[in-house]
Amino acid sequence: MKIIRFCVFLMLLSLFACQKDLPEPESKIKEIPNGKVVVASGWALTENDPFVVKHYIKGNNVYVECMIRNFSFRKSEDHKVQTGKMVVYIDGKKKQEFSSAAFILRDLPKGNHRITLQFINQNGQKTALKKELIITIL
């Protein structure tokens, strides 16, 4: 009986002793002098480039994530933020429209492809926000 109490005591002691040794979170925000920067998910928008695209190829799928300053894919109560959607063209042909900042282009054939991302506003008009990616599916 004493051995069980001693074991329970050791378990509780080790459980409570580790709580105060938590690491401090690392900040991903870096100060840049004389430049306005917005940081999210470890990547930044600058005044010169308000539209940033990250992509990742896995098999014949392309995972795309977009970040656009002062635009949103959801309706916002902030009237400074415009809403819209992303139109994707693959090799010059309209492929799909997406209403989210992250999406997957599935089942692309093998070879080189030119992917064009065009952001259109809520009225269906093209904006100046356009990016092109050149990818290779192996």
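**Entry 1: strand 9**

I started with strand 9 (residues 111-121), where 8 of the 11 residues are buried, so the strand is largely enclosed by the rest of the structure. A reminder to myself before going on: this is a predicted model.

Next I looked up which strands pair with strand 9. Strand 6 (residues 82-90) runs antiparallel to strand 9, and 7 bridges join them. I picked out one of the pairs here: Gly84 has Asn121 in strand 9 as its bridge partner. Strand 10 also pairs with strand 9, again in the antiparallel sense, over 9 bridges. For general background, I noted that strands of a sheet pair through backbone hydrogen bonds, either parallel or antiparallel.

I then checked the turn. Strand 9 and strand 10 form a hairpin with 4 residues between the strands, and Gly124 in that hairpin takes a positive phi near 85°.

**Entry 2: Thr116**

I wanted one residue of strand 9 to look at closely and took Thr116, which sits in that strand. Is Thr116 buried or exposed? Its relative accessibility is 10%, and because the cut-off for buried is under 20%, Thr116 counts as buried.

The bridge partner of Thr116 in strand 10 is Glu132. I listed its contacts too, skipping neighbours within four places in sequence: Val87, Val88, Tyr89, Lys130, Lys131 and Glu132.

**Entry 3: Leu129 and Lys130**

I crossed over to strand 10 (residues 126-137), which holds Leu129, and Lys130 lies in strand 10 as well. I compared how covered these two are. Leu129 counts as buried because its relative accessibility is 11%. Lys130 comes out at 49%, so it counts as partly exposed. I jotted down the general point that in a regular strand the side chains alternate between the two faces of the sheet.

What does Leu129 touch, apart from residues up to four places away in sequence? I found Pro50, Phe51, Ile68, Phe71, Leu117, Gln118 and Phe119. I followed up on Phe51: it is 78 residues from Leu129 along the chain, yet their C-alpha atoms are separated by 6.5 Å.

For Lys130, again without the neighbours within four places, I got contacts with Phe51, Thr116, Leu117 and Gln118. Lys130 and Leu117 are 13 residues apart in sequence, with 5.6 Å from C-alpha to C-alpha.

**Entry 4: the sheet with strands 3, 4 and 8**

I moved on to an open sheet of 3 strands, with the order 3-4-8 and antiparallel pairing. Its edge strands are strand 3 (51-58) and strand 8 (102-105), each of which pairs on one side only. On average, neighbouring strands of this sheet are turned by 20° against each other, direction ignored.

How many bridges join strand 4 to strand 8? I counted 4 bridges, with the two strands running antiparallel. In one of these pairs, Val62 has Leu105 in strand 8 as its bridge partner.

**Entry 5: Asn61**

Asn61 belongs to strand 4 (residues 61-68). I had a look at its cover: at 14% relative accessibility, Asn61 counts as buried. What does its side chain reach? It reaches the backbone nitrogen of Asp107, at 2.9 Å. Leaving out neighbours within four places in sequence, I have Asn61 in contact with Tyr56, Ile104, Leu105, Arg106 and Asp107.

**Entry 6: Leu105 and the core**

Leu105 turned up again, so I listed its contacts beyond four places in sequence: Asn60, Asn61, Val62, Val64, Val88, Ile90, Phe98 and Ile115.

Then I asked which residues of the largest nonpolar core touch the most other members. Of its 21 residues, these are Met86, Val88, Phe103, Leu105, Ile115 and Leu117. Strand 3, strand 4, strand 6, strand 8, strand 9 and strand 10 each supply at least two residues of this core. As a general rule, nonpolar side chains tend to be buried together in soluble globular proteins.

**Entry 7: the whole chain**

I finished with the overall numbers. The protein has 1 helix and 10 strands, and from the N terminus on the helix comes before the run of strands. Of its 138 residues, 26% count as buried. I noted an exposed area of about 10,800 Å², with carbon and sulfur atoms supplying 54% of it. Among contacts with a separation of 6 or more, 46% are between residues 24 or more positions apart.

Terms used:
Residues are numbered from 1 along each chain as its sequence is written. This is a predicted model: local features need pLDDT of at least 70, side-chain atom pairs count only at pLDDT 80 or more; totals for chains, interfaces and linings use all residues. Side-chain values use heavy atoms; hydrogens and water are left out. Buried means under 20% relative accessible area, exposed over 50%, partly exposed in between (1.4 Å probe, protein chains only). Contact means heavy atoms within 4.5 Å. A polar contact is a pair of N or O atoms within 3.5 Å; within protein, one must be able to donate a hydrogen and the other to accept it, and residues adjacent in sequence count only if both atoms are side-chain atoms. Two strands pair if DSSP finds at least two bridges between them. Axes are lines fitted to C-alpha atoms, for helices over the stretch in contact, and angles run from 0 to 180 degrees between N-to-C directions. A nonpolar core is a set of buried Ala, Val, Leu, Ile, Met, Phe, Trp, Tyr and Cys residues joined through side-chain atoms within 4.5 Å. Accessible areas come from the Shrake-Rupley method with a 1.4 Å probe; for residues, only the protein chains shown count as cover.
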